[in-house]
Amino acid sequence: ELPKTRPTILIYFDPDCDHCQKLMKELFQKIEAFKKAEIIMVTFKPVEEIAAFEKLHNTQKYSNIVVGTEGVGFQLRNYYGLVTMPFTALYDKKGNLSYSYRKETLVDDLIKRLKNL
């Protein structure tokens, strides 16, 4: 269930992945551009690793960011047919998929697409 009041960004990531770390660094450097969006970050890693990730990026201070794990069920990974990470999907405020990044997520492009929703 995606929120239906504002655009949503879904990021499937691995905290240990170099490409994911690059995305997170760029995203948090430009976090103000995402204040009108809901950001859902999902990994398959255990809760302990998520806690370390949240502490590193201080995600608790952002009311629009939710970080969680799908565990080893891989429901999201299987649903989207994910092979590489990070995977980023942008949904409009009605919950319709607007765009997805299957390889590298370009933060500036994501910001541009978000503004156009």
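These exercises work through a predicted model, from its sheet to its loops and its cavity.

**Exercise 1. The sheet**

Find the order of the five strands in the open sheet, and say which strands stand at the edges.

*Solution.*
Step 1. Read the order across the sheet: E3-E2-E1-E4-E5. The pairing is mixed.
Step 2. Look at the ends of that order. Strand E3 (65-69) and strand E5 (97-101) stand at the edges. Each has a single partner strand, so one side of each is left without a neighbour in the sheet.
Step 3. Add the twist. From one strand to the next, the average is 15°.
Step 4. Find a helix that packs on the sheet. Helix H2 (residues 47-57) does so, touching strand E2 (38-43) and E3. The direction of H2 makes about 155° with that of E3.

**Exercise 2. The neighbours of strand E4**

Work out how E4 is joined to E1 and to E5, and name residues that stand opposite each other.

*Solution.*
Step 1. Start with E1. Strand E1 (residues 8-12) and strand E4 (residues 87-91) run antiparallel, joined by five bridges.
Step 2. Pick out pairs. Tyr12 is opposite Phe87 in E4. Ile9 has Leu90 as its bridge partner in E4.
Step 3. Turn to E5. Four bridges join E4 and E5, again with an antiparallel run. Here Ala89 stands opposite Ser100 in E5.
Step 4. Follow the chain from E4 to E5. This hairpin has five residues between the strands. Gly95 takes a positive phi near 90° there.

**Exercise 3. Buried or exposed?**

Decide whether the residues of E4 are buried or exposed, and treat the two faces in turn.

*Solution.*
Step 1. Recall the rule for a strand. In a regular strand, side chains alternate between the two faces of the sheet.
Step 2. Take one side of E4. Phe87, Ala89 and Tyr91 lie there, and they are buried.
Step 3. Take the other side. Thr88 and Leu90 are buried as well, which leaves both faces covered.
Step 4. Check one value. Tyr91 has 8% relative accessibility. The cut-off for buried is under 20%, so Tyr91 counts as buried.
Step 5. Conclude. Five of the five residues of E4 are buried, so E4 is largely enclosed by the rest of the structure.

**Exercise 4. A residue of E1**

Establish whether Leu10 is buried or exposed, and list its contacts beyond four places in sequence.

*Solution.*
Step 1. Place the residue. Leu10 belongs to strand E1.
Step 2. Classify it. Leu10 has 7% relative accessibility, so it counts as buried.
Step 3. List the contacts. Leu10 touches Ile40, Val42, Tyr80, Phe87, Thr88, Ala89 and Tyr91, with neighbours within four places in sequence left aside.
Step 4. Compare sequence with space. Leu10 and Ala89 are 79 residues apart in sequence. Their C-alpha atoms are 5.1 Å apart.

**Exercise 5. Backbone details in the loops**

Locate Asn58, Phe74 and Pro86, and describe the backbone at each.

*Solution.*
Step 1. Go to the loop between H2 and E3, where Asn58 lies. Asn58 is not a glycine, yet its phi is positive, about 50°. With a relative accessible area of 37%, Asn58 is partly exposed.
Step 2. Stay in the loop between H2 and E3 for Thr59. Thr59 is buried, with a relative accessible area of 2%. Among the residues it touches are Phe28, Phe53 and Val67.
Step 3. Move to the loop between E3 and H3, the place of Phe74. Phe74 has a positive phi of about 55° and is not a glycine. At 24% relative accessible area, Phe74 is partly exposed.
Step 4. Finish in the loop between helix H3 (75-80) and E4, where Pro86 is found. The peptide bond between Met85 and Pro86 is cis, with omega about 0°.

**Exercise 6. The cavity**

State how many cavities of 30 Å³ or more there are, and describe the lining of the largest cavity.

*Solution.*
Step 1. Count. There is one cavity of 30 Å³ or more.
Step 2. Give the volume. The largest cavity holds about 60 Å³ of space.
Step 3. Name the lining. His19, Lys22, Leu23, Glu26, Pro86, Glu104 and Thr105 line the largest cavity.
Step 4. Sort these residues. Two are nonpolar, two are polar and three are charged.

Technical notes
Residues numbered from 1 in each chain as written. Predicted model: local features only at pLDDT ≥ 70, side-chain atom pairs only at ≥ 80, totals over all residues. Heavy atoms only, no water. Pairing = 2+ DSSP bridges. Axes fitted to C-alpha atoms, helices over the stretch in contact; angles between N-to-C directions. Contact = heavy atoms within 4.5 Å. Buried < 20%, exposed > 50% of the residue type's maximum accessible area, 1.4 Å probe, protein only. 1 Å grid on protein atoms, 1.4 Å probe; cavity = no way out; pocket = protein on both sides within 12 Å on 5 of 7 lines; lining within 4 Å. Points joined across faces, edges and corners; volume = space filled by probe spheres on them. Nonpolar A, V, L, I, M, F, W, Y, C, P; charged D, E, K, R; others polar.
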